[in-house]
Amino acid sequence: MIKKILPIGALAIAFAGSAWAQDAASLLNKANQMNYEEIETAKLAHEKAGDNQALMTYADTIKGDHEANEESVAALSRQKSVKLEGTDTTKVDKSPMRDLKGGAFNEAYLADQVQGHKEALSEFERARGQFKSDPDMDLYVEQTIPVLQAHLKMAENLKRHVGEASTENPANNKSTTGGMGASARND
């Protein structure tokens with residue numbers, strides 16, 4: 001009787017291990033793709049954002065943080081013997097943002113950042129607690145969530161600021177001084 005139970009138990013453990021490996025592989029591959037897209041669009045932001053220093057600083061932060069995350073993904077994939085799939089360049093290469101510049105680019109980039117970080121955060125929150133038996137994967141998930149939350153908050157704040165700035169149209173400014181300033185009126 002014991003001999004019959006043992007193989008079934010071993011099979012259950014092996015199956016659970018393969019399910020874990022699939023979940024880890026899935027999360028690491030998704031993170032790999034997300035990191036690629038964030039790094040590439042941050043580079044694009046530097047080319048297209050015009051003179052918006054806040055957006056360029058944000059893009060630098062995004063690029064640096066996702067490069068660091070990518071190093072973690074690569075290290076974990078080696079440690080866990082997870083093969084990373086190649087990255088799909090289609091989303092970045094065929095992005096309509098490539099045809100935009102200045103304010104139009106800034107608005108599109110920040111909308112993409114908000115949406116992308118909401119999706120990434122959702123993915124990592126679903127994975128929270130899934131890797132309790134693997135302290136390395138669990139730590140990776142727990143350390144990534146606050147970074148994604150910070151990125152989302154920064155993107156939302158910048159989007160709000162860029163949205164307010166874009167509603168200001170210099171053509172709507174009405175001057176009673178004919179461009180000569182207050183002193184011209186008093187002369």
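Six nonpolar, five polar and one charged residue make up the lining of the largest cavity in this predicted model. That mix comes from Ala31, Met34, Asn35, Asp65, His66, Asn69, Phe124, Tyr140, Thr144, Val147, Leu148 and His151. The elements giving two or more residues to this lining are α1 (2-48), α2 (53-79) and α5 (135-166). Of the elements, α5 puts in the most, with five residues. As for how much is enclosed, the volume of the largest cavity is about 80 Å³. Search the whole structure for cavities of 30 Å³ or more and you get one.

Now for the open side of things. The largest pocket holds about 320 Å³ of space. It has 18 lining residues, and those closest to the pocket centre are Glu37, Glu38, Lys91, Asp112 and Gly116. Here the elements with two or more lining residues are α1, α3 (90-93) and α4. Sorted by class, the pocket lining comes out as five nonpolar, seven polar and six charged residues.

Here are the two spaces side by side:

| Space | Volume | Lining by class |
|---|---|---|
| Largest cavity | about 80 Å³ | six nonpolar, five polar, one charged |
| Largest pocket | about 320 Å³ | five nonpolar, seven polar, six charged |

What about the packed interior? In soluble globular proteins, nonpolar side chains tend to be buried together. The largest nonpolar core in this model counts 36 residues, and Tyr109, Phe124, Tyr140 and Val141 touch the most other members. Elements that supply two or more residues to this core are α1, α2, α4 (102-127) and α5. Nine core residues come from α5, the largest share. Two of those well-connected core members, Phe124 and Tyr140, also turn up in the lining of the largest cavity.

Val141 is a handy place to look at the packing in detail. Setting aside neighbours within four places in sequence, Val141 is in contact with Leu27, Phe124, Ala127, Arg128 and Phe131. Phe124 appears in that set, and Phe124 is itself among the core residues that touch the most other members.

One last stop is Asn29, which sits in helix α1. Is Asn29 buried or exposed? With a relative accessible area of 11%, Asn29 falls under the 20% cut-off and so counts as buried. Which residues does Asn29 contact, leaving aside neighbours within four places in sequence? They are Val82, Lys83, Leu84 and Glu85.

Key:
Residues are numbered from 1 along each chain as its sequence is written. This is a predicted model: local features need pLDDT of at least 70, side-chain atom pairs count only at pLDDT 80 or more; totals for chains, interfaces and linings use all residues. Side-chain values use heavy atoms; hydrogens and water are left out. On a 1 Å grid over the protein atoms alone, a cavity is a set of points where a 1.4 Å probe fits but cannot get out, and a pocket is an open set with protein on both sides within 12 Å along at least five of seven lines; lining residues have an atom within 4 Å of a point. Grid points are joined across faces, edges and corners, and a volume is the space filled by probe spheres set on the points. Helices (H or I, at least four residues) and strands (E, at least two) are DSSP runs, numbered from the N terminus. Ala, Val, Leu, Ile, Met, Phe, Trp, Tyr, Cys and Pro count as nonpolar, Asp, Glu, Lys and Arg as charged, and the others, Gly among them, as polar. A nonpolar core is a set of buried Ala, Val, Leu, Ile, Met, Phe, Trp, Tyr and Cys residues joined through side-chain atoms within 4.5 Å. Buried means under 20% relative accessible area, exposed over 50%, partly exposed in between (1.4 Å probe, protein chains only). Contact means heavy atoms within 4.5 Å.
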